[in-house]
Amino acid sequence: FVYQYGKDLIKLLKPGEDELILDLGCGTGQLTNEISESGATVIGMDSSENMINAAKEKYSNIDFYVKEAANFQFEEPFDAIFSNAALHWVLESEKAVISMFDNLKNRGRLVLEFGGKGNVKIIIDAVDKILKESGYPEKAEIKNWYFPTISEYTTLLESNGFEVELAQLYERPTELTDSENGIKEWLLMFGTVVFKDLNVEVRDQIIDKIQEEVKGRCFINGKWFADYMRIRILATKK
Ligand code: BEZ
C-alpha cells in the first residue's frame with residue numbers, strides 16, 4: 001500500500017529526463033523504478049541492507065546503496081531528493097535535513113511525504129493504554145517515530161536553508177492487507193521496538209487487547225484501517 005500511494009507523490013516530483021534524483025528510504029525499490037521510467041537517473045538508498053539487497057535483485061539497472069538518512073554523502077549533488085514513507089523513522093530529523101541540503105544542487109528540490117502530527121494516534125493511544133493496564137508503563141514511554149506538525153517541519157527546513165513551497169498535513173486512512181487481524185499484523189511488523197523484550201504469550205495477549213480496543217474506530221465495513229496522517233512537502237534549496 002505504501003507503494004501505491006507513493007505514485008501520487010511522483011506526480012509532484014515531475015522527474016525530468018536529464019535529472020539526477022535520489023530516492024531516500026527506497027525500501028525494495030518500486031518507486032525508484034517508477035521514477036527511472038520517466039528517463040531520469042535515479043539512485044536508491046535505504047538504511048536496511050535486506051531491503052537494498054531485494055531492490056538490487058529486482059532492479060539490476062538501478063544503483064542502490066545502504067546509507068543512513070541522518071548522515072549520508074554522495075559524490076554528485078542531486079537535482080531532487082524524493083522520499084515516501086521513510087522520514088518518520090529518522091528521529092534525528094535535523095541531521096536528515098542537513099544531509100539532504102548538502103546533497104542537493106543549488107535550487108534543487110525536496111519532495112517528501114511521511115507520517116505527520118497525529119499519525120496512527122488511535123493505535124498509539126491504545127498501545128499506551130493497554131501497556132499501562134498490563135503493568136508495562138515504561139514501555140508506553142518508548143517513542144519510536146517522528147511525526148512533526150507542519151510548523152515544526154517547515155521551520156526546521158527554513159532554518160536549514162530551504163524555501164518551502166507546499167506543506168500539507170492530511171488524513172489518509174489506509175486499509176491494512178490482513179482483513180482478519182489487520183492491527184495485530186501491523187503491530188507485529190512495526191511495533192518491534194516496543195514489544196521486543198516481552199515473552200511471546202504476553203506480547204500476543206497485549207496485542208489482542210490493543211486490536212480489540214481500536215476495533216470501534218479502525219474496523220469499518222469488514223476492513224481494518226490504520227489512521228495515517230501524512231505530511232507532504234515541496235521545498236527548494238535556496
Ligand atoms: C507510516 O506512517 O507509514 C508508519 C508509521 C509507523 C509505522 C509504520 C508506518
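**Exercise 1. Locate lysine 14 and describe its backbone and its exposure.**

Lysine 14 sits in the loop between helix 1 (2-13) and strand 1 (20-24). The model is predicted.
- Step 1: take the backbone. The phi of lysine 14 is positive, about 45 degrees, although lysine 14 is not a glycine.
- Step 2: take the surface. Lysine 14 has a relative accessible area of 66%. The cut-off for exposed is over 50%. Lysine 14 is therefore exposed.

**Exercise 2. Decide whether valine 120 is buried or exposed.**

- Step 1: find the place. Valine 120 lies in the loop between strand 5 and helix 5.
- Step 2: read the backbone. Valine 120 is not a glycine, yet has a positive phi of about 45 degrees.
- Step 3: apply the cut-off. Buried means under 20% relative accessible area. Valine 120 has 1%, so it counts as buried.

**Exercise 3. Describe the overall build of the protein chain.**

- Step 1: list the elements. The chain has 10 helices and 10 strands.
- Step 2: test compactness. The radius of gyration is 19 Å, and the globule rule gives 18 Å for 238 residues. These values are close, so the chain is as compact as a globular protein of that length.
- Step 3: give the box. Along the principal axes, the C-alpha atoms fill roughly 55 × 40 × 35 Å.
- Step 4: look inside. Of the 238 residues, 49% count as buried.
- Step 5: look at the surface. The chain exposes about 12,000 Å², and carbon and sulfur atoms supply 48% of it.
- Step 6: look at contacts. Take those between residues at least 6 apart in sequence: 75% of them join residues at least 24 apart.

**Exercise 4. Work through three salt bridges and say where their partners sit.**

Side chains of opposite charge can pair when their charged atoms come close. The whole structure holds 14 salt bridges. Three of them follow.
- Step 1: aspartate 79 and lysine 105. Their side chains meet at 3.0 Å, N to O. Aspartate 79 is in strand 4 (residues 78-84) and lysine 105 in strand 5 (residues 104-115), so the pair, 26 residues apart, links distant parts of the chain. Aspartate 79 is buried at 16% relative accessible area, while lysine 105 is partly exposed at 33%.
- Step 2: glutamate 133 and lysine 129. The N to O distance is 3.5 Å. Both belong to helix 5 (residues 121-133). They are 4 residues apart, so about one helical turn separates them. Glutamate 133 is exposed at 56% relative accessibility; lysine 129 is partly exposed at 38%.
- Step 3: lysine 184 and aspartate 208. Their closest N and O atoms are 2.6 Å apart. This pair also links distant parts of the chain: lysine 184 is in helix 8 (residues 182-190), aspartate 208 in helix 10 (residues 200-218), 24 residues apart. Aspartate 208 is partly exposed, with 37% relative accessible area.
- Step 4: find a network. Salt bridges with shared partners join Asp8, Lys11, Glu113, Arg172 and Arg232.

**Exercise 5. Explain why lysine 237 has no salt bridge with aspartate 102.**

- Step 1: place the residue. Lysine 237 is in strand 10 (residues 229-237), and it is buried.
- Step 2: check the distance. Aspartate 102 is the nearest side chain of opposite charge, 5.7 Å away. A salt bridge needs nitrogen and oxygen within 4 Å, so this pair does not qualify.
- Step 3: look for another partner. A polar atom of the lysine 237 side chain lies 2.8 Å from the backbone oxygen of phenylalanine 101.
- Step 4: survey the surroundings. Beyond four places in sequence, lysine 237 touches residues including Phe101, Leu104, Lys105, Gly161 and Phe162.

Definitions and conventions. Residues numbered from 1 in each chain as written. Predicted model: local features only at pLDDT ≥ 70, side-chain atom pairs only at ≥ 80, totals over all residues. Heavy atoms only, no water. Helix = DSSP H or I, 4+ residues; strand = E, 2+ residues; numbered from the N terminus. Buried < 20%, exposed > 50% of the residue type's maximum accessible area, 1.4 Å probe, protein only. Lys, Arg positive; Asp, Glu negative; His and termini not counted. Polar contact = N/O pair within 3.5 Å; in protein donor to acceptor, adjacent residues only side chain to side chain. Contact = heavy atoms within 4.5 Å. Rg over C-alpha atoms; globule rule 2.2 N^0.38 Å. Areas by Shrake-Rupley, 256 points an atom, 1.4 Å probe, with all protein chains shown as cover.
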